[in-house]
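These are my notebook entries on one structure, set down in the order in which I looked things up. I keep each entry to what I could read from the model.

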2 protein chains.
Amino acid sequence: MTQWTLASRAAKMNSSAIREILKLTDRPGIISMAGGLPSPQTFPISAFQAACNTVLERDGAAALQYSTTEGLPALRQAVADFLPWDVDPEQVLIVSGSQQALDLIGKIFLDKDSRLLVERPTYLGALQAFAPMEPIAVGVASDDQGMLVDDFAAQAGSGADKARFAYVLPNFQNPTGRTMSEERRQALVDKARELDIPLVEDNPYGDLRFEGEAPLPLAARNPEGVLYMGSFSKVLAPGLRLGFVVAPKSVYGKLVQAKQAADLHTPSFNQRVVAEVMKDGFLARHIPTIRTLYKNQRDAMLAALDQEMVGLGVSWTRPVGGMFLWVQLPEGMDAQKLLPLAVERGMAFVPGAPFFPGNPQHNCLRLSYVTVPPAQIAQGIAALAAAIKAYAQ
Amino acid sequence: MTQWTLASRAAKMNSSAIREILKLTDRPGIISMAGGLPSPQTFPISAFQAACNTVLERDGAAALQYSTTEGLPALRQAVADFLPWDVDPEQVLIVSGSQQALDLIGKIFLDKDSRLLVERPTYLGALQAFAPMEPIAVGVASDDQGMLVDDFAAQAGSGADKARFAYVLPNFQNPTGRTMSEERRQALVDKARELDIPLVEDNPYGDLRFEGEAPLPLAARNPEGVLYMGSFSKVLAPGLRLGFVVAPKSVYGKLVQAKQAADLHTPSFNQRVVAEVMKDGFLARHIPTIRTLYKNQRDAMLAALDQEMVGLGVSWTRPVGGMFLWVQLPEGMDAQKLLPLAVERGMAFVPGAPFFPGNPQHNCLRLSYVTVPPAQIAQGIAALAAAIKAYAQ
């Protein structure tokens, strides 16, 4: 029997709590609001097929050869053109899904025991991506508009213990669905600039806004102070694994080196296919169809919650975009213990505790409204209410 | 001006010396034997196009959705079936190019200052992939059959300083083109088992054998003691970024967790396309055409070297497969200084020094025979000989 010594980081790596829950709940007959899968009916299959054929017929072997680490110039340009501030394509790095951006950012910024600031709660996959670098993730108190700027300053640390960066998800946050206001954004950017702490702005859902005007991204307010992450997973399809980072010049080169070491480059073929799909304003026509679908499903979920949760002491967020909403259960109720009662009644959710970097709240859970159609949403929320009633008895 | 603190590993990351050289030498009129690009005429473009259409028409949205970290079951099965020993598909992990396997293996095994054993010289991209984990890469003395087993044992270290693993490339090694003999393989596997040191066996070129019988992989001799890495980049095309690891059960789960944190999963679409291309024994028909092409080009390079290098005190390897051969210049000649003289005369190579983990030899260089057709090979080798003559004067 081998007795190999693994890296100390290996003990800190775990399988995603969500993926473990999905294994338990992904079975026939369960209405699952647990997953974060985009609705497959939003994937533009025929546009992809046309683009695959065009790319292979037009570009031939070039589409299948090794390519540069930074990414396909046409795709970097398309990303720069699509973003709502003045972006130099030379600062765009194409990555293998925005999860990879988290890995690369963690690698260049985090030593063992480095301080790292995150929202409370925050995206579980980011905690997982940073964990191999063995940082100390510090939760910043957050309200319905995201990080509280006073607590951001209070937790920032100083000297050798100064936070290496703060990770924030300003639009329709995963898991809470909340959005940072105009005022909060500006205040956070100003304070981060004053303290000289990099902000890592993750924006996978920003294009999926159902109503109101989008406040400018943090990066647009201080491009030299923010690393901005975007993704094609929610507006085109996740199975091509394509995302991007817009990085200040001061760290762009290090990100490229980290990516070269990690996987040489993102698939040349996938980059060409997406650049081809994006031509001629495809996203401007396609994204509104996703918004309409998801808005209807959000409306169905809010209506079902309004109807089913009366008198149960339950509250929830009312997201103006994205995929998720967040439910607060009565004090003392543990979502982890509620889950089997819900599954018995035919629905599944994700308990909220794993989204906290420490000191978790247990009386909260995340619901996705994008995977399940409206009729099933009503049925699933009724099952959740029944589970809550059963738990309370 | 920002004064951000980066991770200490960031200072150890560098852009690949090869990529920097390629930027200087990739210009019109230069016969480049520097790169490691497979010949684009080996890419089965029409098979890919047919597979893209089949996958999108048959699988639809499933081909574009998120999928499991371990990889597509059909592709894991196809990999297990293709390998020349009894492999359980449950031990196959699909990765985003075999470069990613190096990153993941480094992450789970290497702490800062961990000892790591490599051949002298070794694949530069592996040194680059491991560098972010800040190990100490120790070169093991190597001859024309690879690592010397006595020196492997002498450098293995003990206690807390025992080598975490040894990285070896047994077939047509990059950069030298050398192949480990039957006897050396068995002796290395036996010694590694005795010392309980994991072997990481990298085999991207193994299928490109021109002559003779292939000795069994190291992994086939001790499956619980070896992590085996393979790639589709050399037998199909690199631009899809698909590789795989066959890992012992004792570490498979940790590799999966590291991959989940790094990029969630390898593109679903690419996995389905390659599984479709591989159906019905495609590789068994396709690989011989690559072998024939590369063998002709190797023969052209060996013939040109035999003709042009007479009396120059130069020697070279005679690889029985793969893409590269290795040239020893006269003692005291520095390949880095030779490079501009060669470029002036119309050809480029990669100097050998960056392939050494430390204490580099300077009088050696790597030539690729796969990218350039035979007539240009003769012309390029003549230019190299002229540069060597000019240097010696």
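Which residue stands opposite V245(A) in β10(A)? I looked this up first, bearing in mind that the model is a predicted one, and found M229(A) opposite V245(A).

**Entry 1: around strand β10 of chain A**

I then followed the two strands that pair with β10(A). Strand β9 of chain A, residues 226–231, pairs with β10(A) in the antiparallel sense over 4 bridges, and strand β2 of chain A, residues 92–95, is likewise antiparallel to β10(A) and joined to it by 4 bridges. On the β2 side I noted V92(A), which stands opposite V246(A) in β10(A). I also checked burial along β10(A), residues 243–246, and found both faces covered: G243(A) and V245(A) on one side are buried, as are F244(A) and V246(A) on the other. I kept in mind here that side chains in a regular strand alternate between the two faces of the sheet.

**Entry 2: the open sheet of chain B**

In chain B I looked up an open sheet of 4 strands, and I wrote down its order as β11-β12-β15-β14, with antiparallel pairing. Its edge strands are β11 (315–316) and β14 of chain B, each of which pairs on one side only. I followed the β14 edge inwards and found that β14(B) and β15(B) pair in the antiparallel sense over 2 bridges, with L365(B) in β15(B) as the bridge partner of P351(B).

**Entry 3: aromatic pairs**

How many aromatic pairs does a search of the whole structure find? The search gives 21 over all chains, and I wrote out two from chain B in full.

For Y205(B) and F324(B), the ring centres are 6.0 Å apart and the planes are at 85°, and because planes over 60 degrees apart count as edge-to-face, the pair is edge-to-face. This pair links distant parts of the chain, with Y205(B) in the loop between β8 (199–202) and α8 (218–221) of chain B and F324(B) in strand β12 (residues 324–328) of chain B, 119 residues apart. I found both Y205(B) and F324(B) buried.

For W326(B) and F356(B), the ring centres lie 6.4 Å apart with the planes at 50°, so I entered the pair as tilted. W326(B) is in strand β12 of chain B, whereas F356(B) is in the loop between β14 (350–351) and β15 (364–368) of chain B, and the two are 30 residues apart. Both W326(B) and F356(B) are buried.

I also recorded a cluster linked by ring pairs, which holds W4(A) together with F109(B), F130(B), F165(B) and Y167(B).

**Entry 4: the cavity**

I searched for cavities of 30 Å³ or more, and the count comes to 1. The space in the largest cavity is about 40 Å³. Which residues line the largest cavity? From chain A they are Q100(A), D103(A), A262(A) and D263(A), and from chain B they are Q100(B), D103(B), A262(B) and D263(B). The elements that give two or more residues to this lining are α4 (98–109) and α9 (249–263) of chain A, together with α4 (98–109) and α9 (249–263) of chain B. I sorted the lining residues by character and found 2 nonpolar, 2 polar and 4 charged.

**Entry 5: the annotated domain**

Last, I turned to the record: an unreviewed UniProt entry gives the annotation "domain: Aminotransferase class I/classII large" for residues 53–384 of chain A. Over these residues I noted 40% helix and 15% strand, with the end C-alpha atoms 46 Å apart.

Conventions:
Residues numbered from 1 in each chain as written. Chains lettered and ligands numbered in written order. Predicted model: local features only at pLDDT ≥ 70, side-chain atom pairs only at ≥ 80, totals over all residues. Heavy atoms only, no water. UniProt positions renumbered as here; feature names shortened; annotations may be inferred. 1 Å grid on protein atoms, 1.4 Å probe; cavity = no way out; pocket = protein on both sides within 12 Å on 5 of 7 lines; lining within 4 Å. Points joined across faces, edges and corners; volume = space filled by probe spheres on them. Nonpolar A, V, L, I, M, F, W, Y, C, P; charged D, E, K, R; others polar. Phe/Tyr/Trp six-rings, centres within 6.5 Å; stacked < 30°, edge-to-face > 60°. Buried < 20%, exposed > 50% of the residue type's maximum accessible area, 1.4 Å probe, protein only. Pairing = 2+ DSSP bridges.
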